[in-house]
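Welcome, and thanks for taking a look at this one with us. Below is a short tour of its charges, cysteines and backbone.

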Amino acid sequence: VLNLHKEMSRFLLRLKGQLNANLLNVSSEDLNTLSAALVEFAEDLYNNIGLWESLENYNLQQFGTPLPIVLAQGKHIIDEPFDPFRIKYFLWNFLPELSSLKQQHITPFDADLDKISLQVAEFFDENFLKIPRGSGITKFLNQPNKFISQIKKKLIWIATDAYLFRTHLVHYLEKEELKPLPAAIDDYACQVCTTWSGLGAINILALVLNLPEEEKKDIINWYKRDLAIFEVKELKGRTSQLLNQVNGRSCWVVEENTRATYKVGDLVMGSLYQYKNEWYWSGAKAAIPAMLSSKVDEILQEIKSQASYIYGDLENKLQERYSYMMEKMNGIDLHYFDDGRALKLFIKKLHEDPIAVEKEVLTHVDIPRNKNGVALFLSKDDTPKIFADYNDLSKALKKEGNHLDEVDKKSLRDLLMSKNVNPKFVKRLAQEYGTASIFQYYFGKKEVEHFALDYLLRKYKGQYFRERFFARSLLGG
């Protein structure tokens, strides 16, 4: 298989010349990245390793097709591993990860994508049939899962070496300005959702491993990392009894590889996750020096203020604020302001009411400084969402997918890429303006499968489909 990497690179170079395909107009580094990922993707399919199969099974369960948008509901993949539809779906999702194509918008119905997929399928058929079946990766993943360290080893491999996540991890570390240290990789593996239908490394791991359903659920829930300050109450071998200083609960934590490096009475800040009714450290942890002991209360208040989904009643507070705002705004959940200044004046007037101040309504919002329209969206289970340059967005949506210009495309891209937009906001806009412009931009067609919007939201807003939970790391998250 290793020899096929070079063969694939040469093949893609020839294909680039034959097809004059912009999608292959990439740097030599990106070409090598793509070649390696394609060969490993094919190895997965050829040897039934299970990574891709897990993604397809998830898609089938969620959307009624293993390859959303690319393969219509009710249609079937040919009974061969190297189906061109599979390759097309892989390329559509993987190519945007290449640095050379970051600025190029790729839709699943791009003619070049069809041509490349067919040619790559032929390459796989010609080359992999010569190779005996069998993979070291299969043997690795099938090793025992008796100890948590064995499972974590597989998780880290999936996050750092598997073709589905390897390139995405590199870009994540660059974007977050993090070094590839164990704590940062652990954060990525447990927390980050990707454009593979919104799944992260923990999801694929749980789907691949042959484990009881309860243990699979434990793994999927590893994003629920209990950040707090803990007082060490007792040490027994490789276990420590810790008292959570935020919620007052006590638990025994198992050290995975070594004995605890702290002593009774120490204060340690870190995150925990649970597996089979036992607790383990996740990511970075740090002892709080004696010189900072006076700051502990301040740190605890900071955690509590942001960790209300675990320790407090933020959900109730959100609903109270929502009810208050809906009453003040005549039951309308989507509001338009001419500019940021108009929104600021609205909030100032709102805060003349002591109840608004008491309920902390719109007290911690970033008000955009623009004169191109601002939208304010209210939902009872989330904080209010503010979208700048709303004039451009509404103009793009009103075009119903016709003659979209570059400003329109940027607005539609920002709609799903912005962290300040939740799925309910997108659905509310779709209700108001329709989905034609959204689908035209992301798929290249105005009319696609009925689940298309849900698919886009899973793909780009995966974190919203996990249970709301405080998951701040020690790396600055």
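A disulfide is taken here as a pair of cysteine sulfur atoms within 2.5 Å. By that rule, the count in this predicted model comes to 0 disulfides. Salt bridges are another matter, since a search of the whole structure turns up 23 of them. The points below start with the cysteines, then go through some of those pairs, a charged patch, and a few residues worth a visit.

**Cysteines**

- Why does C193 have no disulfide partner? The closest cysteine sulfur to that of C193 belongs to C190 and is 12 Å away, which is too far for a bond.
- C193 has a relative accessible area of 18%, and because buried means under 20%, the residue falls in that class.
- For C251, too, the closest cysteine sulfur is in C190, but here the distance is 17 Å, so a bond is ruled out.
- C251 counts as buried because its relative accessibility is 14%.

**Salt bridges**

- As a general reminder, side chains of opposite charge can pair when their charged atoms come close.
- Within one helix, the side chains of E214 and K217 meet in a salt bridge, with 3.7 Å from N to O.
- E214 and K217 are both in helix α11 (residues 213–220), and because they are 3 residues apart, about one helical turn separates them.
- Of this pair, E214 is exposed, at a relative accessible area of 53%, while K217 is partly exposed at 46%.
- D381 and K424 form another salt bridge, and their closest N and O atoms are 3.0 Å apart.
- This pair links distant parts of the chain: D381 sits in the loop between β7 and β8 (385–388), K424 belongs to helix α19 (residues 423–433), and their positions lie 43 residues apart in sequence.
- D381 is partly exposed, with a relative accessible area of 32%, and K424 is partly exposed at 40%.
- K399 pairs with D408, and the closest N and O atoms of this salt bridge are 2.6 Å apart.
- Is D408 buried or exposed? D408 is buried, with a relative accessible area of 0%, whereas its partner K399 is partly exposed at 25%.
- The K399–D408 bridge belongs to a network, in which salt bridges that share partners join K395, K399, D405 and D408.

**A negative surface patch**

- Which residues form the negative surface patch? The patch is made up of D79, E80, E122, D125 and E126.
- One of these residues, E122, is found in helix α5 (residues 111–128).
- E122 has a relative accessibility of 43%, so it counts as partly exposed.

**Positive phi angles**

- N48 is not a glycine, yet its phi is positive, near 50°.
- N48 is located in the loop between α2 (28–47) and α3 (51–63).
- The relative accessible area of N48 is 59%, so this residue is exposed.
- E360 also has a positive phi, about 60°, although it is not a glycine.
- Where does E360 lie? Look in the loop between α16 (354–358) and β7 (374–377).
- E360 counts as partly exposed because its relative accessibility is 37%.
- Along the chain, E360 and Q463 are 103 residues apart, and in space their C-alpha atoms are 25 Å apart.

**A buried isoleucine**

- I438 is part of helix α20 (residues 436–443).
- With a relative accessible area of 1%, I438 is buried.
- I438 and L416 are 22 residues apart along the chain, and 9.5 Å separates their C-alpha atoms.

Key: Residues numbered from 1 in each chain as written. Predicted model: local features only at pLDDT ≥ 70, side-chain atom pairs only at ≥ 80, totals over all residues. Heavy atoms only, no water. Patch = residues over 30% accessible without salt bridge, like charges linked within 9 Å, V, L, I, M, F, W, Y side chains within 5 Å. Areas by Shrake-Rupley, 256 points an atom, 1.4 Å probe, with all protein chains shown as cover. Salt bridge = Lys/Arg side-chain N within 4 Å of Asp/Glu carboxyl O. Lys, Arg positive; Asp, Glu negative; His and termini not counted. Charge placed at Lys NZ, Arg CZ, Asp CG, Glu CD. Helix = DSSP H or I, 4+ residues; strand = E, 2+ residues; numbered from the N terminus. Buried < 20%, exposed > 50% of the residue type's maximum accessible area, 1.4 Å probe, protein only.
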